Amino acid sequence: MEADDEGRSPSGSVVVDLASADDPRAMSRMLRQQRVHTIEGMFHLLTRREDVEAALRKPAVYTSRPEAVQLGNIRPLIPLSVDPPKHVKYRRILDPLFAPKHMAALEDEVVTLVNQIVDRFAAKGSCDFHEDFAVPLPCTVFLRLMGLPLADLDMFLEMKDGIIRPPGATQEEQEPTRRRTAQNIYAYFEKTLAERRRAPTDDLLAQIMGSSVDGVQLTDEEILDICFLFIIAGLDTVTDSLDCIFGYLSQEPEHRRQLASDESVIPSAIEELLRWESPVPAVPRVLSEDVEVGGCPMKAGEHVMLLIGAANTDDAAHPGVDSVDLLRNPNPHLAFGGGVHRCLGSHLARIELRVAVREWHKRIPEYELVPGTVLQYTEGLRSLHHLPLTFAPAG
Amino acid sequence: MRITLDVDRCQGHGRCYVLAPDLFDADDFGHCVLLVDDVPAGREDDARTGVENCPEQALGLE
């Protein structure tokens with residue numbers, strides 16, 4: 001579909017969605033011709049690396065206040081919807097829990113999980129990668145990490161989808177599902193917190209419950225607001241990244257063989273494919289004051305989308321980023337965002353992605369898309385509706 | 001050659017200490033700690049890799 005300069009199709013609906021685009025790079029290139037696009041009554045889009053980076057670094061102006069992301073939550077999401085100085089308090093508690101050294105201890109467990117998941121379909125010689133692998137893996141890792149029962153997996157998937165992908169074409173139609181799901185999430189974790197007080201455990205949730213800053217412990221509401229964000233930020237995004245990476249590799253056999261034959265390529269390949277695909281293609285902000293970018297005035301209170309995907313492929317900022325190089329160096333991409341709100345779970349995500357790609361290719365180095373498949377990406381966050389793969393039955 | 005770190009800019013992406021672990025390390029929050037000020041002879045490429053992969057431009061060489 002053709003969009004005009006304002007990002008509207010001839011019918012007037014907004015078509016700027018890098019997530020679901022067949023070729024988000026081409027759409028990004030078109031968008032970058034102009035530093036700012038304004039979609040009247042909705043938001044401004046920042047398209048270039050320099051501007052996106054500058055905005056990420058000014059959280060007092062480009063705020064992440066609660067209006068930026070509304071997902072049925074009744075209080076601000078912690079730490080996403082809190083800006084400095086209060087934000088610092090929460091990140092001081094959470095950053096150490098998600099620091100690379102802490103996350104590295106999970107690696108063996110993720111190896112076991114990935115292999116258990118592959119066991120379910122390896123002998124069959126086919127799977128829907130999205131349904132069978134990309135969806136269950138991050139959710140199972142999350143349940144283990146939080147010490148929650150694996151039997152709750154389906155309920156968690158329902159909660160995640162009820163917030164991120166509720167049925168309905170408009171915000172209004174989606175709202176009832178979101179609100180109901182949000183209530184379920186709060187209720188689930190309220191019950192869990194009460195149980196944990198009676199019978200303490202030793203896991204991430206216990207660490208959060210026991211955390212304090214300057215001698216003050218987190219309140220129950222604060223813990224609930226952290227858990228709420230974990231569900232919506234931690235589960236879907238890793239599914240999206242897995243879909244993007246395997247969707248790409250299933251269609252690019254040379255690159256697939258490059259990493260399958262030499263696992264030392266995998267860490268940089270993951271950085272490169274996160275950059276190329278940008279599974280979270282945009283992050284929303286709300287302006288606290290009037291600003292002007294490239295001659296375009298933007299007013300306090302207006303919403304701005306920082307187009308991470310367009311910034312990550314901006315060849316004016318970094319020449320050569322309009323193609324894939326699995327060994328790209330340097331690769332200072334913004335796939336995990338930037339500034340104070342840099343994705344808290346990025347180091348966990350990297351372990352999941354690295355182990356998934358490595359273990360999968362040990363077991364199933366050769367695979368291809370089921371012939372005739374046309375991949376369809378989802379809106380908002382870039383995952384696949386389905387990713388049907390075939391391969392030689394493996395042990 | 002010296003490595004410089006702007007601690008206010010570092011957001012804990014962790015690219016530097018993953019790519020050049022004997023030049024950069026992480027503190028408890030996952031933020032960068034410089035292990036050397038002066039880059040040892042022969043390690044200039046690794047230093048440059050750590051510096052240039054920082055998405056926040058928190059690292060520099062002088």
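Four nonpolar, four polar and two charged residues make up the lining of the second largest cavity in this predicted model. That cavity has a volume of about 50 Å³, and its wall is built from Leu18(A), Pro24(A), Arg25(A), Ser28(A), Trp276(A), Glu277(A), Ser278(A), Pro281(A), Gly309(A) and Thr313(A). Two helices of chain A, α1 (24-32) and α14 (266-277), each put at least two residues into this lining. The top contributor is α1(A), which supplies three residues.

As for the overall tally, the structure has two cavities of 30 Å³ or more. The largest of them comes in at about 90 Å³. It is lined by 14 residues, and those closest to its centre are Cys10(B), His13(B), Gly14(B), Cys16(B) and Cys54(B). Sorted by class, this lining splits into eight nonpolar, four polar and two charged residues.

Turning to strands, chain A has an open sheet of three, running in the order β4-β12-β11 with antiparallel pairing. The edge positions go to β4 (126-128) and β11 (368-369) of chain A, each with a single partner strand, so one side of each has no neighbour in the sheet. The pairing of β11(A) with β12 (residues 388-390) of chain A is antiparallel and rests on two bridges. Within that pairing, Glu368(A) has Thr390(A) of β12(A) as its bridge partner.

Note on methods. Residues are numbered from 1 along each chain as its sequence is written. Chains are lettered from A and ligands numbered from 1 in the order in which they are written. This is a predicted model: local features need pLDDT of at least 70, side-chain atom pairs count only at pLDDT 80 or more; totals for chains, interfaces and linings use all residues. Side-chain values use heavy atoms; hydrogens and water are left out. On a 1 Å grid over the protein atoms alone, a cavity is a set of points where a 1.4 Å probe fits but cannot get out, and a pocket is an open set with protein on both sides within 12 Å along at least five of seven lines; lining residues have an atom within 4 Å of a point. Grid points are joined across faces, edges and corners, and a volume is the space filled by probe spheres set on the points. Ala, Val, Leu, Ile, Met, Phe, Trp, Tyr, Cys and Pro count as nonpolar, Asp, Glu, Lys and Arg as charged, and the others, Gly among them, as polar. Helices (H or I, at least four residues) and strands (E, at least two) are DSSP runs, numbered from the N terminus. Two strands pair if DSSP finds at least two bridges between them.
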